[in-house]
There are 2 protein chains.
Amino acid sequence: MNKRTEIAEFGEFGLIDRLTSQFVPKRTSTVKAIGDDAAVIDTGGTDYLLLSSDLLLEGIHFDLTYFPMKHLGYKVVVIGISDILAMNGYPTQVTISIGVSAKFSVEMLEELYEGIHSACEEYDVDLAGGDTTASMTGLTIGISVLGTVSKKEIVYRNGASKNDLICLTGDLGAAYMGLHLLEREKRAYAGNNNPQPQFEGHEYILQRQLKPSARKNVIDALHRIGLVPTSMIDLSDGLASDLRQVCKSSDCGARIYLERIPIARETHAMAEELKADPVVAALNGGDDHELLFTVPLAEQGKIMEIGGIDIIGHITERETGVYLITPDGGEIAVRAQGFKE
Amino acid sequence: MNKRTEIAEFGEFGLIDRLTSQFVPKRTSTVKAIGDDAAVIDTGGTDYLLLSSDLLLEGIHFDLTYFPMKHLGYKVVVIGISDILAMNGYPTQVTISIGVSAKFSVEMLEELYEGIHSACEEYDVDLAGGDTTASMTGLTIGISVLGTVSKKEIVYRNGASKNDLICLTGDLGAAYMGLHLLEREKRAYAGNNNPQPQFEGHEYILQRQLKPSARKNVIDALHRIGLVPTSMIDLSDGLASDLRQVCKSSDCGARIYLERIPIARETHAMAEELKADPVVAALNGGDDHELLFTVPLAEQGKIMEIGGIDIIGHITERETGVYLITPDGGEIAVRAQGFKE
């Protein structure tokens, strides 16, 4: 009998480590392979080439009961280019591959591609190719994004060091609460042919789930003021998991402060209505696609100048771990979730 | 009621045309977007960057009842890099994304990655990243491949012109007959816990299905003798479909000769046993990953010099269509199949 180890025993990152440990890059053009938001390739000029790939599956990453195809197309592109921005780079081209079952009509796919087109226009990227195939069940979407970044300005996950400030764009947990609202309304109207879901007042959290933005404006601002972060990551898995990634890569610890974690009023309201904890949504919710980055302490003034960025804590030595500090001075260990996406 | 057009009404290429017609590349770095084996990007040096993406789904592209995970991993890489070779380029890096359901153990995925590793070693490419996610059902694999090609030597699908010779590497239909053999044995032993499938004498066609090769050796040979084809395509969809792609892109017709289509002895034998037509397998079977390319008539001697390449016909004017010529002089129109992959 062969040994059988369940995937659930590993986190996503543990699984990737185990599967890819034997792969050692051999080409000199491979500057960074696995382990950051994007692969880094040296094509010989003053810029590095960046490449990021994501896979999105119906039933895991999106539910077409309430997710409009057009919004899905838009979001897929945002998810892809967010990985390039997290390297302090700019996206240039995307390829989109889709697997579709017979339940999808050409018109539905046209809506998907309208959303893709809209995002490509907004973020100034070209659709450069892809693959189209039949599928047994549901919709599968693969996206790969190319980008460029000046060799002098590339930012990895592993450059944070002690006393660096931990900076965060936007607010957290809204996409997660939007998802819960959509799931609630789906349950309430299951089997109802003329549903009248209650979405008034929840536009913000719905938009954060259904039509998120990529933080290109922040990368623009960082370039404008000439500030290169010491580390950066795209918040796709949630603050807890992604902060731990930065700390693991940078071989450091962190202290973040509960009262400084930006949570929107609408997120608080929805959490109260659903009897959920907004801080849990912010820490573990994921899907926010904000940027988490670190800068030297001396750059605090420049961060303030940009605006719209919160300093939520600072980097510590590795031995002190990764902790969330409550207003009364309590310390809660920040833990990542298991295998989800 | 919204209009509903079935995907089956379009071929794969018709669907792609319809979905992507509104996308017009805007960046000067996008040399070629949709419509060839790979996207072509100008990063500023003497080489172009190539990017190709493929999506492979369980139940559509592979059946794990008989497809060993290790071979699957190997084949995925071969499929990906074959697209880069078809541009007369060399693959450099790949990203692999997988979606896996709970039926897969870590050990099964390790086998998959062993096959990926083996192909990466053999074809000298680095694994540079990817994505790992849960899936509701089965295994989904996305692969993107980066490659490079000298700007002077890049080969597109659209460069064939009248009187060019149509050249083909290897032989056709074997992978397809291998698939049929595997399907037959699967049916014969359904429900049998100790199957004894009859594979003796069929090693060649099984290998062509389960462990195909990419024709890097032919690209090496073309470079060595300094011969740049006028057009080239990877035979993934079958000779009929792929030859029509070349003719459509190059705005030309073609004549190929039935008796010149290379079909292996083992493919003939299996076809006879299964009462199938080996020519149909060769024309429409797909999955061969051989290269189809055209060269000027004057280069016939150089092609002979390389060896292992068959000249199966020649390019004609568009108005004369794409025809298969039988030994008795009969003309059969070459048609592509519908939406499959």
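This is a chat about the contact between two chains and the packing of two helices in a predicted model.

Biologist: What should I know about the numbering and the model before we start?
Modeller: Residues are numbered from 1 along each chain as its sequence is written, chains are lettered from A and ligands numbered from 1 in the order in which they are written. The model is predicted, with local features needing pLDDT of at least 70, side-chain atom pairs counting only at pLDDT 80 or more, and totals for chains, interfaces and linings using all residues, while side-chain values use heavy atoms and leave out hydrogens and water.

Biologist: OK, how many residues does each chain put into the contact?
Modeller: Chain A gives 80 residues and chain B gives 80 residues. Contact here means heavy atoms within 4.5 Å.

Biologist: And what area is buried between chain A and chain B?
Modeller: About 6500 Å², with carbon and sulfur atoms giving 60% of it. Buried area is the accessible area (1.4 Å probe) that two parts lose on being put together, summed over both.

Biologist: How many salt bridges across that interface?
Modeller: The rule finds 6 between chain A and chain B, counting a side-chain nitrogen of Lys or Arg within 4 Å of a carboxyl oxygen of Asp or Glu. Over all chains the structure holds 44 salt bridges.

Biologist: Which side chain does Glu110(B) meet in a salt bridge?
Modeller: Arg18(A), at 2.5 Å from N to O. That pair runs from helix 3 (residues 106-123) of chain B to helix 1 of chain A; helices (H or I, at least four residues) and strands (E, at least two) are DSSP runs, numbered from the N terminus. Glu110(A) and Arg18(B) also meet in a salt bridge, at 2.5 Å from N to O.

Biologist: What's the count of polar contacts between the chains?
Modeller: There are 38 residue pairs in polar contact between chain A and chain B, both residues at pLDDT 80 or more. A polar contact is a pair of N or O atoms within 3.5 Å; within protein, one must be able to donate a hydrogen and the other to accept it, and residues adjacent in sequence count only if both atoms are side-chain atoms.

Biologist: Which element gives the largest share on the chain A side?
Modeller: Helix 3 of chain A, with 11 residues. By class, the side of chain A that touches chain B has 35 nonpolar, 25 polar and 20 charged residues. Ala, Val, Leu, Ile, Met, Phe, Trp, Tyr, Cys and Pro count as nonpolar, Asp, Glu, Lys and Arg as charged, and the others, Gly among them, as polar.

Biologist: Switching topic. At what angle do helix 4 and helix 5 of chain B pack?
Modeller: About 100 degrees, with the axes of helix 4 (residues 174-188) and helix 5 (residues 203-210) of chain B 7 Å apart. Axes are lines fitted to C-alpha atoms, for helices over the stretch in contact, and angles run from 0 to 180 degrees between N-to-C directions. Helix 4 and helix 5 of chain B are therefore roughly perpendicular to each other, the term for 65 to 115 degrees.

Biologist: What classes of residue make that contact?
Modeller: The contact of helix 4 with helix 5 of chain B has 11 nonpolar, 2 polar and 1 charged residues.

Biologist: Where does Glu203(B) lie?
Modeller: In helix 5 of chain B. A polar atom of the Glu203(B) side chain lies 3.1 Å from the backbone nitrogen of Gly201(B).

Note on methods
Angles under 35 degrees count as roughly parallel, over 145 as roughly antiparallel, 65 to 115 as roughly perpendicular and the rest as oblique.
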